[in-house]
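Here's a set of short exercises to work through with the coordinates open. Try each task yourself before reading its solution.

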Amino acid sequence: MYQNYIFDLYGTLADIHTNEEKTYLHEKMAGLYSAMGAAYSKKEWKEAYKQGCRRKKAAGRDPYYEIEIRDVFQELFAKKDVEPEKGQIEVICQIFRILSRSYIRLYDGVEEFFEACREKGKGLYLLSNAQTAFTVAELKELGLYDKFDGIVISSEVKVCKPDKRIMEALLEKYHLKKEDSIMIGNDRTSDIQVAKNCGMDSLYIHSNISPAEYTAEEERIRAEYEVPDGDFRRLEELILK
């Protein structure tokens, strides 16, 4: 049926919960920066971080522009006239993500579906609106990083779903034909819409972190296949032949 299976990550393959509003998070990040020579109070660090994200997003002048979070963390050092040592920004990224994350785990059925795809010689690809600085480590933690034939993350290409440019970047990079490929995701307005924007088939799976409600217009964004109960195990019977 299809040769290439293109997946969203968060809410599709992996269940995750993060909260960047935790008081604990900003307190610890301020302490970490201070220990590295860039003295911040908790309140000052939180505001500087949020302002940095907003400023980077606005500078893109594109509603689908994706920032690079490493640049924000770098600027927080620059504001205090401190030059971080080599590798410190990557450490900062990992600590921030771990502190902001309550949990991450694969949904039931993901590993089995991947194995079934491999048995049939299918290609597995990831297309995620995410930060490489966070996501690569989480893919390795989940045991998925080496399972993909190709990965495109929005922070690397500076554009996010549903803009078709991110899908086109993946298709071009890995020499895929859209008629041989299917997009699989848990969000109608990004995953399913990006497939439609590129004239590709898609599968919508409603997970626990899919939008709780869609507007009437968004509800009309329909995939060729739908799994409303979130049971990932149904994918094999629907789209793997």
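**Exercise 1: the cysteines**

Is cysteine 160 buried or exposed, and why? Then work out whether cysteine 160 and cysteine 198 are in a disulfide.

*Solution.* Keep in mind that this is a predicted model.
- Step 1: take the accessibility. Cysteine 160 has 11% relative accessibility, so it counts as buried, the cut-off being under 20%.
- Step 2: look for a partner. The nearest cysteine sulfur belongs to cysteine 198 and sits 13 Å away. A disulfide needs the two sulfur atoms within 2.5 Å, and cysteine 160 is in none.
- Step 3: turn it round. For cysteine 198, the nearest cysteine sulfur is that of cysteine 160, and cysteine 198 is in no disulfide either. Cysteine 198 counts as buried because its relative accessibility is 7%.
- Step 4: widen the search. Over the whole structure, 0 disulfides turn up.

**Exercise 2: the overall build**

Find out how the radius of gyration of the protein chain fits with that of a compact globule, and describe the chain as a whole.

*Solution.*
- Step 1: get the expected value. For 241 residues, a compact globule would come out near 18 Å; the chain has 19 Å, so the two agree.
- Step 2: check the extents. The C-alpha trace spans about 60 × 35 × 35 Å along its principal axes.
- Step 3: count the elements. The chain holds 11 helices and 8 strands.
- Step 4: look at burial and contacts. Buried residues account for 50% of the 241. Of the contacts between residues at least 6 apart in sequence, 70% link residues at least 24 apart.
- Step 5: look at the outside. The accessible surface is about 11800 Å², with 47% of it on carbon and sulfur atoms.
- Step 6: do the charges. There are 37 positive and 44 negative side chains, and the centres of the two sets are 4 Å apart.

**Exercise 3: two helices and their cover**

Work out how enclosed helix 6 is, and list what covers the buried residues of helix 9.

*Solution.*
- Step 1: start with helix 6, residues 132-142. Here 8 of the 11 residues are buried, so the helix is largely enclosed by the rest of the structure.
- Step 2: name them. The buried residues in helix 6 are Thr132, Ala133, Phe134, Thr135, Val136, Glu138, Leu139 and Leu142.
- Step 3: find a neighbour. Glutamine 94 is in helix 4, and beyond four places in sequence it touches Ala133, Phe134 and Ala137. The C-alpha atoms of glutamine 94 and phenylalanine 134 are 6.5 Å apart, though 40 residues separate them along the chain. With 25% relative accessibility, glutamine 94 counts as partly exposed.
- Step 4: move to helix 9, residues 188-197. Its buried residues are Arg188, Ser190, Asp191, Ile192, Val194 and Ala195. Their cover includes helix 8, strand 6, strand 7, helix 10 and strand 8.
- Step 5: check what comes after each helix. Glycine 143, just after helix 6, takes a positive phi of about 80°. Glycine 199 follows helix 9 and has a positive phi near 70°.

**Exercise 4: backbone oddities**

Which peptide bond is cis between lysine 161 and proline 162, and what omega does it have? Then look up phi for aspartate 81 and lysine 158.

*Solution.*
- Step 1: recall the background. Most residues other than glycine have a negative phi, and most peptide bonds are trans.
- Step 2: read omega. The bond from lysine 161 to proline 162 is cis, with omega near 15°. Proline 162 is in the loop between helix 7 and helix 8.
- Step 3: stay in that loop. Lysine 158 lies between helix 7 and helix 8 too, with a positive phi near 65°. Lysine 158 counts as partly exposed because its relative accessibility is 32%.
- Step 4: go to the loop between helix 3 and helix 4, where aspartate 81 sits. Its phi is positive, about 55°, although it isn't a glycine. At 74% relative accessibility, aspartate 81 counts as exposed.

**Exercise 5: a loop aspartate**

Find which residues aspartate 108 contacts beyond its neighbours within four places in sequence.

*Solution.*
- Step 1: place it. Aspartate 108 is in the loop between strand 3 and helix 5.
- Step 2: check exposure. Its relative accessible area is 57%, so aspartate 108 is exposed.
- Step 3: list the contacts. They are Phe232 and Arg233.
- Step 4: try arginine 222. Aspartate 108 and arginine 222 are 24 Å apart, C-alpha to C-alpha, and 114 residues apart in sequence.

Note on methods. Residues are numbered from 1 along each chain as its sequence is written. Side-chain values use heavy atoms; hydrogens and water are left out. Helices (H or I, at least four residues) and strands (E, at least two) are DSSP runs, numbered from the N terminus. The radius of gyration is taken over C-alpha atoms; the globule rule is 2.2 Å times the number of residues to the power 0.38. Buried means under 20% relative accessible area, exposed over 50%, partly exposed in between (1.4 Å probe, protein chains only). Contact means heavy atoms within 4.5 Å. Accessible areas come from the Shrake-Rupley method with a 1.4 Å probe; for residues, only the protein chains shown count as cover. Lys and Arg count as positive and Asp and Glu as negative; His and the chain ends are not counted. The place of a charge is taken as NZ of Lys, CZ of Arg, CG of Asp or CD of Glu.
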